[in-house]
Amino acid sequence: MFYEVVKSLHSYWAYLVFIVLIITVVNAIIKVTGKKEYEAKDFRLALFTLILTHTQLLIGMILYVVSPRLELWGQLGGEVMKNPIARLYLVEHPFVNILAIAAITIGYSKHKKKLTSQAKLKPIAIFYSIGLVLLLSRIPWDAWIG
C-alpha cells in the first residue's frame, strides 16, 4: 500500500517537475538569446524548479528503498547489470537522475554568484538544460505513460 502511494506520488510529481523545468529552461534560453534582463521572476522560477526537483529526488529515494524491485539486488546480484529492466530501475534511473539534479543545483548555485543579467541567466540555461536532458534520458517511458 505505502509503495503504491509513493510510486504514484513520484510519477505525478514528475509531470509537475517537467512542466516547470521546461518553462525555466525555455525562459532562460529566450532571455539569454534575446539579451534580456534578469528579473525577480527568474530567480523565483529557478528556485521553485530547484525545490521541485529536490523534492522529487527525496520521493524517489523513498520509493527506491520501499520498492519490491530492491529485492532483485539479492536475487540477481551481479546479474542486475545483464537484465535491462532491473538495470534501468535499480542503477540507471537513480544514478542519472541524481546527476541531473546535481546539474540543476550547480546551475542555481552558479547563477546566484553572478552580478549581471546575462551572467546570471547563462548557468540556468546551460545547467538546467543538461538536467532536463538527463532526466528525459532515463525515464521508464513505457511504465510512466503506459
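Helices here are DSSP runs of H or I, at least four residues long, numbered from the N terminus. With that settled, a look at the predicted model can start with the annotated spans.

The UniProt record, an unreviewed entry, puts the feature "transmembrane region" at residues 12-33, 45-66, 86-109 and 121-141. Two of these spans can be checked against the model's backbone. Residues 12-33 come out as 100% helix and 0% strand, with 32 Å between the end C-alpha atoms. Residues 86-109 are likewise 100% helix and 0% strand, and here the end C-alpha atoms sit 34 Å apart.

Next comes helix packing. Two packed helices are described by the angle between their axes and the distance between the axes. For α1 and helix α5 (residues 117-137), the angle is about 140 degrees and the axes are 8 Å apart. Since only angles over 145 degrees count as roughly antiparallel, α1 is oblique to α5. The crossing of α1 past α5 is left-handed.

As for empty space, the largest pocket has a volume of about 760 Å³. Its lining takes in 28 residues, and those closest to the pocket's centre are H10, L63, Y89, H93 and P140. Which helices supply at least two residues each to this lining? They include α1 (2-33) and α2 (40-66), along with α4 (84-113) and α6 (141-145). Sorted by class, the lining of the largest pocket holds 18 nonpolar residues, eight polar ones and two charged ones. So α1 turns up twice in this picture, as a packing partner of α5 and as a contributor to the lining of the largest pocket.

Notes
Residues numbered from 1 in each chain as written. Predicted model: local features only at pLDDT ≥ 70, side-chain atom pairs only at ≥ 80, totals over all residues. Heavy atoms only, no water. UniProt positions renumbered as here; feature names shortened; annotations may be inferred. 1 Å grid on protein atoms, 1.4 Å probe; cavity = no way out; pocket = protein on both sides within 12 Å on 5 of 7 lines; lining within 4 Å. Points joined across faces, edges and corners; volume = space filled by probe spheres on them. Nonpolar A, V, L, I, M, F, W, Y, C, P; charged D, E, K, R; others polar. Axes fitted to C-alpha atoms, helices over the stretch in contact; angles between N-to-C directions. Parallel < 35°, antiparallel > 145°, perpendicular 65-115°, else oblique. Left-handed = near helix turned anticlockwise from the far one by under 90°.
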